[in-house]
Amino acid sequence: MDQSQHQQHGGTMQHQQQQPRSYQVVKAATAATAGGSMLVLSGLILAATVIMLTIATPLLVIFSPVLVPALITVGLLITGFLASGGFGIAAITVLSWIYRYVTGRHPPGADSLDQARMKLAGKAREMKENKGTRSYAC
């Protein structure tokens with residue numbers, strides 16, 4: 001590890017230690033909520049795919065030639081499983097990134113996120129300070 005990486009990593013660790021415990025708890029709760037939502041969404045898509053396949057297959061077989069519903073069924077099956085798997089992988093990736101961010105390992109994009117957070121906090125502080133100085137004309 002060269003000097004600049006060591007300073008950057010050390011700065012991140014000091015920054016993590018300076019943050020209040022409640023802020024870290026809020027970050028962890030947000031991570032769990034976001035990741036959990038994505039995992040639930042992936043499970044719901046999987047369940048919906050199976051249910052729609054169960055409903056659609058007999059109707060397609062009864063009202064259409066045999067090859068058309070078979071192709072549609074296979075297409076729906078593949079699309080549903082790919083979407084479910086994709087959302088599952090996305091959820092795991094997001095949870096992994098947020099875990100690394102919360103524990104201070106500095107994942108890619110963390111600098112941009114911190115800069116955006118600081119800008120928002122600055123604007124909120126600025127708006128709060130300006131709120132008391134405004135006068136409203138009738």
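## Residues 70-99 and helix α3

In this predicted model, residues 70-99 are 100% helix and 0% strand, and the end C-alpha atoms of the span lie 43 Å apart. According to the unreviewed UniProt entry, the annotation "transmembrane region" covers residues 70-99 as well as residues 39-64.

Helix α3 comprises 36 residues, 67-102. From its first C-alpha to its last, α3 reaches 52 Å, close to the 52 Å expected at 1.5 Å a residue. The buried residues of α3 are Pro69, Thr73, Gly80, Ser84, Gly88, Ala91, Ile98, Tyr101 and Val102. After α3 comes Gly104, which has a positive phi near 85 degrees.

## Helix α2: length and bend

Helix α2 is formed by residues 21-63, 43 residues in number. At 1.5 Å a residue these should span 63 Å, and the end C-alpha atoms are 62 Å apart, which agrees.

At Ala56, α2 bends by about 30 degrees. A proline, Pro58, follows within four residues of Ala56. Ala56 is also one of the buried residues of α2, together with Gln24, Lys27, Ala31, Gly35, Ser42, Thr49 and Leu53.

## A nonpolar surface patch

Ile51, Met52, Ile55, Leu59, Ile62 and Phe63 make a nonpolar surface patch of about 680 Å². Among these residues, Phe63 is placed in helix α2. Phe63 counts as exposed because its relative accessibility is 65%, and the cut-off for exposed is over 50%.

Note on methods. Residues numbered from 1 in each chain as written. Predicted model: local features only at pLDDT ≥ 70, side-chain atom pairs only at ≥ 80, totals over all residues. Heavy atoms only, no water. Helix = DSSP H or I, 4+ residues; strand = E, 2+ residues; numbered from the N terminus. Expected span 1.5 Å × (residues − 1). Bend = angle between axes of the 7 residues up to and from the residue. Buried < 20%, exposed > 50% of the residue type's maximum accessible area, 1.4 Å probe, protein only. Patch = residues over 30% accessible without salt bridge, like charges linked within 9 Å, V, L, I, M, F, W, Y side chains within 5 Å. Areas by Shrake-Rupley, 256 points an atom, 1.4 Å probe, with all protein chains shown as cover. Salt bridge = Lys/Arg side-chain N within 4 Å of Asp/Glu carboxyl O. UniProt positions renumbered as here; feature names shortened; annotations may be inferred.
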